[in-house]
Amino acid sequence: MAASWALRRGTSAVDWCEGNYLISPIIAEFVNTISNVLFLLFPPLLTRLFHQYAKVVTPGIYLVWALLLIVGLSSIYFHATLSLVGQLLDEVAILWLMMAAFALWFPRRYLPTCMSGNRKLFQQIILVASVAGSILACIHPATNAFFLMFVGLPSTILMGVELRRCRNARVVRLGLRCTIIWLVALACWINDRLFCDMWSAVNFPYLHGAWHLLIAIVAYTACVLFAYFDAWNEVPEKVPVLMYWPTDKFELGVPYVVLQNCHRLPPDHLKI
């Protein structure tokens with residue numbers, strides 16, 4: 001009975017600033033729903049771009065891109081229905097994406113001494129923590145958004161540490177752009193959450209939609225950067241290089257990692 005209630009529209013306690021059912025009679029928050037489009041577009045492209053990386057470094061990156069897609073689909077369902085189930089799916093998907101990234105790319109040198117650099121053991125602990133976090137998310141859904149922000153803090157700190165160690169100017173510039181976009185995205189989230197009346201007064205209650213677009217860029221960019229750092233830590237002899245699709249002439253487009261000193265794949269492996 002409770003499960004049936006949670007599936008109903010409007011059962012979530014979270015209701016963003018955008019007015020409900022103003023544009024479509026079947027989509028509660030229209031702009032917040034369609035603004036998840038980048039979460040649907042990036043994963044298939046990134047899966048193709050990281051084909052070489054997956055074969056040589058770790059196939060676990062496919063899981064990260066799959067979870068990025070699931071985050072987008074869950075967010076679409078949540079904002080279209082404002083159901084409690086939709087909210088929980090959205091927040092748990094984000095939790096698993098962050099935890100999967102930690103399990104895959106947390107630098108081995110920072111693992112506790114008792115683990116002796118055993119990444120498998122670390123990943124098992126992360127799995128247990130993810131399951132526990134998912135259960136807690138279902139018990140206290142009202143606090144999930146703030147909890148996820150707190151969980152994201154260690155990744156932000158780790159990003160700063162790795163960028164300070166990096167001597168590749170192109171990578172550092174991408175990291176700085178990612179940080180700036182993240183701060184703008186966070187400002188959009190806070191304004192939509194706390195100052196809705198002000199933004200509604202100027203007829204622009206769409207900052208959460210802007211958050212979706214910006215955080216999608218931040219999420220995949222951060223994953224690309226951590227993939228680059230991990231490749232340099234684990235297989236430096238392969239000479240990982242940061243490149244951009246569809247053209248590498250400018251630092252625009254979609255960044256990805258190529259292993260220059262790698263002959264396991266044919267020369268045309270980058271064709272899309």
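In which helix is the place of His 212? Before answering, keep in mind that the model on your screen is a predicted one, and then select His 212, which you will find in helix α11.

**First stop: His 212 and its surroundings**

With a relative accessibility of 4%, His 212 counts as buried, because buried here means under 20% relative accessible area. If you show its side chain, you can follow two polar links: the side chain reaches the backbone oxygen of Asn 32 at 3.0 Å, and it also makes a polar contact of 2.9 Å with the side chain of Ser 35. When neighbours within four places in sequence are left aside, the residues in contact with His 212 are Asn 32, Ser 35, Asn 36, Phe 39, Ser 75 and His 79. You may also select Ala 185, which is 27 residues away from His 212 in sequence, while their C-alpha atoms are 8.1 Å apart in space.

**Second stop: Asn 36**

From His 212, move on to Asn 36, which sits in the loop between α2 (30–34) and α3 (37–49). Is Asn 36 buried or exposed? Its relative accessible area is 0%, and Asn 36 is therefore buried. Apart from neighbours within four places in sequence, Asn 36 is in contact with Gly 72, Ser 75, Ile 76, His 79 and His 212.

**Third stop: the pair α5 and α11**

Now select residues 60–81, which form helix α5, together with residues 207–234, which form helix α11. Two packed helices are described by the angle between their axes and the distance between those axes. For α5 and α11 the angle is about 170°, and the axes are 11 Å apart. Because an angle over 145 degrees counts as roughly antiparallel, α5 and α11 are described in that way. To see where they meet, show the side chains of Ile 61, Val 64, Trp 65, Leu 68, Ser 75 and His 79 in α5, which face His 208, His 212, Ala 219, Tyr 220, Cys 223, Val 224 and Ala 227 in α11.

**Fourth stop: two more residues of α11**

Stay in helix α11 and select Cys 223, which counts as buried at 7% relative accessibility. Not counting residues up to four places away in sequence, Cys 223 touches Val 64, Trp 65 and Trp 105. Ile 217 lies in helix α11 too, but Ile 217 is partly exposed, with a relative accessible area of 26%. Beyond its neighbours within four places in sequence, Ile 217 is in contact with Leu 38, Phe 42 and Ile 181.

**Fifth stop: helix α6**

Next, select residues 84–105, the 22 residues of helix α6, whose first and last C-alpha atoms are 32 Å apart, close to the 32 Å expected at 1.5 Å a residue. Of these 22 residues, 18 are buried, so α6 is largely enclosed by the rest of the structure.

**Last stop: helix α7**

Finally, select residues 119–139, helix α7, whose 21 residues should span 30 Å at 1.5 Å a residue, and whose end C-alpha atoms are indeed 30 Å apart. At the start of α7, a side-chain oxygen of Asn 118 comes to within 3.1 Å of the backbone nitrogen of Lys 120. Colour the buried residues of α7, which are Arg 119, Phe 122, Ile 126, Ser 130, Gly 133, Ser 134 and Ala 137. When you look down the axis of α7, these buried residues fall within an arc of 115°, so they line one face of the helix. On the other side of α7, you will find Lys 120, Val 128, Leu 136 and Ile 139 exposed.

Conventions: Residues numbered from 1 in each chain as written. Predicted model: local features only at pLDDT ≥ 70, side-chain atom pairs only at ≥ 80, totals over all residues. Heavy atoms only, no water. Helix = DSSP H or I, 4+ residues; strand = E, 2+ residues; numbered from the N terminus. Expected span 1.5 Å × (residues − 1). Buried < 20%, exposed > 50% of the residue type's maximum accessible area, 1.4 Å probe, protein only. Arc of directions from axis to C-beta. Polar contact = N/O pair within 3.5 Å; in protein donor to acceptor, adjacent residues only side chain to side chain. Axes fitted to C-alpha atoms, helices over the stretch in contact; angles between N-to-C directions. Parallel < 35°, antiparallel > 145°, perpendicular 65-115°, else oblique. Contact = heavy atoms within 4.5 Å.
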